[in-house]
Structures are given as structure tokens and as C-alpha cells.
Amino acid sequence: MIATIAAPPEDLLQAAIVHKALADTTRLRMLARLAEEPASVSELIELVDLSQPLVSWHLRRLKVAGLVETRRSGREVICTLSRDALERFHHKEHLMLGMDD
């Protein structure tokens with residue numbers, strides 16, 4: 001007999017995406033830098049000493065999780081920490097786990 005696997009609720013999937021994004025030291029270093037002030041992709045490349053494609057890959061993971069926003073400024077891409085997203089995630093996670101805020 002094959003066991004039926006139910007799809008997890010959307011809030012659990014979203015929590016998993018955020019936790020996976022936070023489960024990497026390179027991405028945590030980038031977030032810590034963005035917590036200070038917005039930074040260009042070039043500045044983040046210098047910070048983590050990785051190639052542009054690798055930094056862009058890490059940024060995509062952070063954007064999918066809703067933790068980082070980007071905008072173009074001329075030829076540069078400027079990255080900003082989404083503090084609202086972090087606060088919303090923290091609140092939702094506490095509710096999901098049955099913890100009072």
C-alpha cells in the first residue's frame with residue numbers, strides 16, 4: 001500500500017523557504033551587511049569574495065524568501081533588506097507555532 005502524502009499548508013511551505021534562505025552563512029553575511037544599509041551587488045561581491053553569478057544566485061534565494069528587494073540604479077543593482085518581511089515572518093512563525101508575541 002502506498003502512503004498518501006498530503007501537501008503541507010502554504011504557511012509551512014513559506015516558513016521552510018525562509019528558513020532555507022537563512023540556513024547559509026554567505027546569505028547571513030549578506031543580510032547582516034544589508035541590515036546596516038542598502039548595498040550594490042558589487043559591494044556584496046566584495047564582502048563575500050564570490051563571483052557575480054554566485055552572489056546573484058544567493059540574492060535570488062533571498063528575494064524568493066521575501067527578505068531582500070532589489071532595484072536598478074543606472075548600471076548597478078541596489079539591494080535592500082526587507083525589514084517588514086522579516087517582522088511579518090517572525091509574527092506568522094510565532095502564530096504558526098502557537099507562541100504568543
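**Sheet.** I started with the strands (DSSP runs of E, at least two residues, numbered from the N terminus, as helices are for H or I runs of at least four). Three of them, 3 strands in the order E1-E3-E2, make an open antiparallel sheet. I took two strands as paired if DSSP finds at least two bridges between them. E1 (39-40) and E2 (68-73) each have a single partner strand, so they stand at the edges with one side lacking a neighbour in the sheet.

**Source notes.** This is a predicted model, where local features need pLDDT of at least 70 and side-chain atom pairs pLDDT 80 or more, while totals for chains, interfaces and linings use all residues. Residues are numbered from 1 along each chain as its sequence is written, and side-chain values use heavy atoms, leaving out hydrogens and water.

**E2 against E3.** I looked up this pair next: 6 bridges join E2 to E3 (residues 76-81), running antiparallel. Ser 73 has Glu 76 in E3 as its bridge partner.

**Asp 49.** I found this residue in the loop between H3 (41-48) and H4 (52-64). Its phi is near 55 degrees, positive although Asp 49 is not a glycine. Asp 49 is exposed at 68% relative accessible area (exposed is over 50%, buried under 20%, partly exposed in between; 1.4 Å probe, protein chains only).

**Core.** Then I checked the largest nonpolar core (buried Ala, Val, Leu, Ile, Met, Phe, Trp, Tyr and Cys joined through side-chain atoms within 4.5 Å). It has 19 residues, and Leu 34, Leu 44 and Cys 79 are among those with the most contacts inside it. H1 (10-22), H2 (25-36), H3, H4 and E3 each supply at least two of its residues.
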